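Please read the following explanation with the sequence and the structure side by side. It goes from one helix pair to the surroundings of that pair, then to other parts of the chain, and ends with the chain as a whole.

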Amino acid sequence: MQYTKLGHTDIEISKVCVGCMSFGKAGTMHDWTLDEAESEKVIRHALNLGINFFDTANGYSAGTSEEYLGRALKRNVPRDKVVIASKVYFNPGRLSRAAILREIDGTLQRLGTDYLDLYIIHRFDYETPIEETMETLHELVKAGKVRALGASAMYGYQFYNMQLAAKEHGWTPFSAMENHYNLLYREDERELIPICRQMGVSLMPYSPLAAGHLTRPTWDADTLRSKTDRVARGKYDRMEQEDLHIVARVAELAEKHNCKMSQIALAWQWAKGVASPIVGATKARYLDDAAGALDVHLSAEDVAALEECYVPHPIVGAINANPPQGVMLLDEKK
């Protein structure tokens, strides 16, 4: 495993992050999530590979993702040897002071720890003043409940304004950006990613394999997730015909490099300066593939070939308004 620093912090993260949306009681969010025993097998395998970075959220599978992760880590590794990230937003009160103070305590309790390494705001809150959110997050850092802060999918100007508020008031800035970024979705290259680079913010994209579309030459697969993941369909199906050209390029390069398609997709992320793509694994072998991708090195010509077929996509990730209370699954295809 290879490691890098998170933003300007001294927190050392593996260059593969385990996405814990795959863990949790099935039916509470998705139908394809792993139960506690299977979750622990995947988590233990990640630790054996040298992966130390785990990303969950307060809303994943009604809190059971945090519970499964916390118990598995406690049984398998000292707390100071792992980097745990969780998120706040899809909860009553969004990113208000009262909500953040309530939700961090719930998250810590479910994880069975007294601090988080990275606390991420899951979306931009259109109803809470930026200053209220940033000051409250800074208080968590001062109190020792959180070591570093991150943000997730939003527009570039929103992220910039939040960073500016932190700078103007001497509050803790964001060190990480968890955005939607992969070979099939590159809209953040216009604004958000350049802002992150300018500010020394680490990229930890979600969906680096585009919900499996970058792992096989066909669009659909005969798996429970492929059949039941309505969010993935909402995110990707409308651009299927355009994106299949990119999928074909990934397949060609996988053959050239004698590796798996998923490894090409991940190698492209690191070639683009990503710190730690989030890999949501429902099988331990997927993490073997991800770790092995660190040995795949793409030339400038390879990168250009992968990017050549891209066309502009509708925005998926950043939102234009807060969703109705209780909505957790955005972009869902009904």
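**Two crossing helices and their surroundings**

Helices H10 and H11 cross in a right-handed sense. The model in which this crossing is seen is a predicted one, and the geometry described here should be read with that in mind. H10 packs with H11, residues 284-292, at an angle of about 45 degrees, and the two axes lie 8 Å apart. That makes H10 oblique to H11, because angles under 35 degrees would count as roughly parallel and those from 65 to 115 degrees as roughly perpendicular. On the H10 side the meeting involves Ser262, Gln263, Leu266 and Trp270, while H11 contributes Asp289, Ala290 and Gly292. Sorted by character, the residues of this contact between H10 and H11 comprise three nonpolar, three polar and one charged.

How much of H10 is buried, and what does H10 pack against? Of the 11 residues of H10, 10 are buried, so this helix is largely enclosed by the rest of the structure. The buried residues are Met261, Ser262, Gln263, Ile264, Ala265, Leu266, Ala267, Trp268, Gln269 and Trp270. Their packing partners are helix H9 (240-257), strand E10 (278-279), H11 and helix H12 (300-307). After H10 comes glycine 273, which has a positive phi near 90 degrees.

One residue of this helix can be followed in more detail. Glutamine 263 belongs to H10, which spans residues 261-271, and with a relative accessible area of 11% it is buried, since buried means under 20%. Leaving aside residues up to four places away in sequence, glutamine 263 touches Asp289, Gly292, Ala293 and Val296. Of these partners, Asp289 and Gly292 also appear among the H11 residues that meet H10.

A second helix pair offers a companion case. Helix H4, residues 130-142, packs with helix H5, residues 156-169, at an angle of about 60 degrees, with 10 Å between their axes. That makes H4 oblique to H5, and the crossing of these two helices is right-handed. In this contact H4 supplies Ile130, Glu131, Thr133 and Met134, whereas H5 supplies Asn161, Met162, Ala165, Ala166 and His169. The residues of the contact of H4 with H5 divide into five nonpolar, three polar and one charged.

Outside the helices, the backbone has two places that deserve a look for their phi values. Arginine 94, although not a glycine, has a positive phi of about 50 degrees, and it is found in the loop that joins strand E5 (83-88) to helix H3 (97-111). Is the arginine at this place buried or exposed? With a relative accessibility of 3%, arginine 94 counts as buried. Alanine 211 is another residue other than glycine with a positive phi, here near 55 degrees, and its place is the loop between strand E9 (202-203) and helix H7 (224-228). At 24% relative accessibility, alanine 211 counts as partly exposed, because the partly exposed class lies between the 20% limit for buried and the 50% limit for exposed.

Further along the sequence, proline 312 lies in the segment that follows H12. Proline 312 is exposed, its relative accessible area being 58%. Which residues does proline 312 touch, not counting those up to four places away in sequence? They are Glu187, Arg190 and Met239. In the case of glutamate 187, its C-alpha atom is separated by 7.0 Å from that of proline 312, although the two residues are 125 residues apart along the chain.

These local views can now be set against the protein chain as a whole, which has 12 helices and 10 strands. For 334 residues a compact globule would have a radius of gyration near 20 Å, and the 19 Å of the protein chain agrees with this. Taken along the principal axes, the box filled by the C-alpha atoms of the protein chain is roughly 50 × 40 × 40 Å. Of the 334 residues, 59% count as buried. Where contacts in the protein chain join residues at least 6 apart in sequence, 80% of them join residues at least 24 apart.

Conventions
Residues numbered from 1 in each chain as written. Predicted model: local features only at pLDDT ≥ 70, side-chain atom pairs only at ≥ 80, totals over all residues. Heavy atoms only, no water. Axes fitted to C-alpha atoms, helices over the stretch in contact; angles between N-to-C directions. Helix = DSSP H or I, 4+ residues; strand = E, 2+ residues; numbered from the N terminus. Parallel < 35°, antiparallel > 145°, perpendicular 65-115°, else oblique. Left-handed = near helix turned anticlockwise from the far one by under 90°. Contact = heavy atoms within 4.5 Å. Nonpolar A, V, L, I, M, F, W, Y, C, P; charged D, E, K, R; others polar. Rg over C-alpha atoms; globule rule 2.2 N^0.38 Å. Buried < 20%, exposed > 50% of the residue type's maximum accessible area, 1.4 Å probe, protein only.
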